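Welcome to this short tour. Keep your viewer open, and we will go from one selection to the next.

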There are 2 protein chains.
Amino acid sequence: MVNYQSFLGIETSLLKSSEIRDLLKLTEGKKVISLAGGLPDPSTFPSEDIRKITDDIIRDESAQALQYSTTSGVMSFKKELVNLSKMRGISSINEDNIFVTVGSQEALFMIFNIFIDKGDYIAVENPSYLAALNILRARQPNFIGIDVDPQKGTNLDQLEAKLKELKRENKKLKMFYVIPTAQNPAGTTMNFDDRKRLLDLASEYDFIIMEDDAYGFLVFEGDSPAPLRALDKEGRVIYTSTFSKILSPGLRLGWVVAENDVIKELEIYKQNVDLHTPTLPQYIAREAIKRGVIMNNLPKVKSTYIEKRDVMLSAIEENFPKEAKWSHPVGGMFVFSWLPEKINATKMLEKAMNRGVAYVPGASFYHDYSGKNTMRLNFSYPSKEELKKGVEILSKVIKEEFSNS
Amino acid sequence: MVNYQSFLGIETSLLKSSEIRDLLKLTEGKKVISLAGGLPDPSTFPSEDIRKITDDIIRDESAQALQYSTTSGVMSFKKELVNLSKMRGISSINEDNIFVTVGSQEALFMIFNIFIDKGDYIAVENPSYLAALNILRARQPNFIGIDVDPQKGTNLDQLEAKLKELKRENKKLKMFYVIPTAQNPAGTTMNFDDRKRLLDLASEYDFIIMEDDAYGFLVFEGDSPAPLRALDKEGRVIYTSTFSKILSPGLRLGWVVAENDVIKELEIYKQNVDLHTPTLPQYIAREAIKRGVIMNNLPKVKSTYIEKRDVMLSAIEENFPKEAKWSHPVGGMFVFSWLPEKINATKMLEKAMNRGVAYVPGASFYHDYSGKNTMRLNFSYPSKEELKKGVEILSKVIKEEFSNS
């Protein structure tokens, strides 16, 4: 038989499997409470609305909805995406600024492949979204990590210091990949003044901002400032968001808002990747926007997750050792925890899983795999009983680990 | 405003927009008979069956069908893909040999990115599938073109001579990308003996075969030998096919059959690209296989296309100059024509479009843009009246070009 190892491309070896997904596999079929996932609660899917919509579409528009469609997205869907983006405060755009992708993951994959070369300087938050970091690692850039403080959020002083340092060395930051709203995994949100400051820095030091707004519609409470893209006067921000948290992840729909120059590059790139995003899901999401399904469903999604978050936070407050810190997420689906420094959450995972609970070790969310004492806990998918029990088991494991270390 | 050109990655400039898709844009809104596309006839979509299936799925399985799913594909769909692959003669495989993709385009994108490095030797047919060539061009390999003869098909004598030549130079072919059945665009099918010979050559010279079976279920008449993958004893063949021609292209579903070593690499790569293929379309296609919708619909698809092909061929025989050659496709959706050498079909396109007919210049289907006197004509989408009229107009343009040149 063929030995495929000898045929693999050089870069293929740089690709790492996603720890989250490998983990999910380990918990399959076992009696483990998984706080490791990132699945929405299926009770939040507006299934009956989607059923009605889909039936209407296949009855009335099958010749188009089941056919090939254009690479940048179905025009009538792009028009609705202009409207949806406006609800996030992004105005003065039209269909030429919109690009439809297979989840926002594909948007990140394409943007990083289009712009980032080996050796380029790219700033990311510490911690940041694991799947984005995995794409970037394959590009072999020079990473610049910007700390996220559980209270103060993304540390722009640190960013500015790094920018000055690079300038002194005649180097240049190309891009900052940032999740300003309901940060995944840290749960923080950048305030309005910091957003303005970040845009000023981007202008002064001439870099692009890749804004990941996956949880933009899922801010539970407090101020929710407009996305960076809404405040952007120079077209520096490439924005992406997703239908995975507000309608259905199984449709795999994301979109990009950017200058048309960027859209054109995406169009050429995507022709190679998959020609176009599946047509039928685009028609479904178009109608879900048009008929108000998404906006009408949001209060239910939010209240479901607020309740679950509060169950998790109460259990943590009651059970976690006082030496630990954790986020009080203003949105999204995760609590992030900073354990005492001497605990290695990656090593601790096996023990936790044997005791019946899984989480994602936080090191995966750091470009340099630091943050070994951190962990990400999901509250959107498990039931309230599982959340309570899962945190209780986890707390015991942490306390044992702490006293043994 | 930002000048994005200065931020683009080095490889981004290698990407070329697909000529077919750019062309489609030019014909939008104009009164042009387009023989340039590659769209299935929407009358072949089993819309009512799909409507019933989708309704059942969203009613009974929405918690799964609207949720995230695994990277390699929904397990119950993969089981049905094992069955569907068996109908093409591919047996002794199980779910671990199956990988679900966003159209077979994504399969080609990932396989070429996983295996082909700059400078690698890859053989392709002359002509070959345009969108595959575009992916490959971005990988910067050394292309080896293997001629396809309208009667005898892919020239394996030429392949063997090239393999010997490479061996003498201590070089090695890594992969042969081949469309053995209802070749796109040439319309030929490799006979059984040639298939065996190709596999023997692959074994002797130790290369991988990437088999594109996009039209495997769309062979109209004559012998339809089993795919290379069905005859492959060494696991050398990576096979891909698609639902675009047999169910609905708007679902964007393709699949790979390969050794599990290859499937694992695809899994890691796809986690970066888009995490997984949309779930709902996978459930729809699963049921379409299970309920016999695909197999029951095939006779209608075939008879629709046989009729249209014959309309096109009659019109060509009646009107094309006797100096031209053209394929008599045994399957698929295209007629390919070799015009007299002195005609440049790329240059002639503008004139043809002004006169009211579009086609794809054949040079795009040659890795080195040779084949300037060739053109691809689609018969699946236009109506019979359009096919007849389109060919008549085109013939006049060709004859004028021929007498003026």
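How much area does chain A expose, and what share of it do carbon and sulfur atoms supply? Show the surface of chain A: about 14,400 Å² is exposed, and 48% of that comes from carbon and sulfur atoms. Such areas come from the Shrake-Rupley method with a 1.4 Å probe, and for residues only the protein chains shown count as cover.

A word on what you see: this is a predicted model, in which local features need pLDDT of at least 70, side-chain atom pairs count only at pLDDT 80 or more, and totals for chains, interfaces and linings use all residues. Residues are numbered from 1 along each chain as its sequence is written, chains are lettered from A and ligands numbered from 1 in the order in which they are written, and side-chain values use heavy atoms, leaving out hydrogens and water.

Next, switch chain A to cartoon, where 13 helices and 14 strands appear. Helices are DSSP runs of H or I with at least four residues, strands are runs of E with at least two, and both are numbered from the N terminus. The C-alpha trace spans about 65 × 60 × 55 Å along its principal axes. Of the 405 residues in chain A, 67% are buried (under 20% relative accessible area, 1.4 Å probe, protein chains only).

Now add chain B. A rotation of 180° with 0.0 Å of shift along its axis lays chain B on chain A, with an RMSD of 0.0 Å (a least-squares fit on C-alpha atoms of residues with pLDDT of at least 70 in both). The two copies are therefore related as by a two-fold rotation axis. Finally, select B:Asp55: its C-alpha is the one in chain B nearest the axis, 3.3 Å from it.

Methods
Buried means under 20% relative accessible area, exposed over 50%, partly exposed in between (1.4 Å probe, protein chains only).
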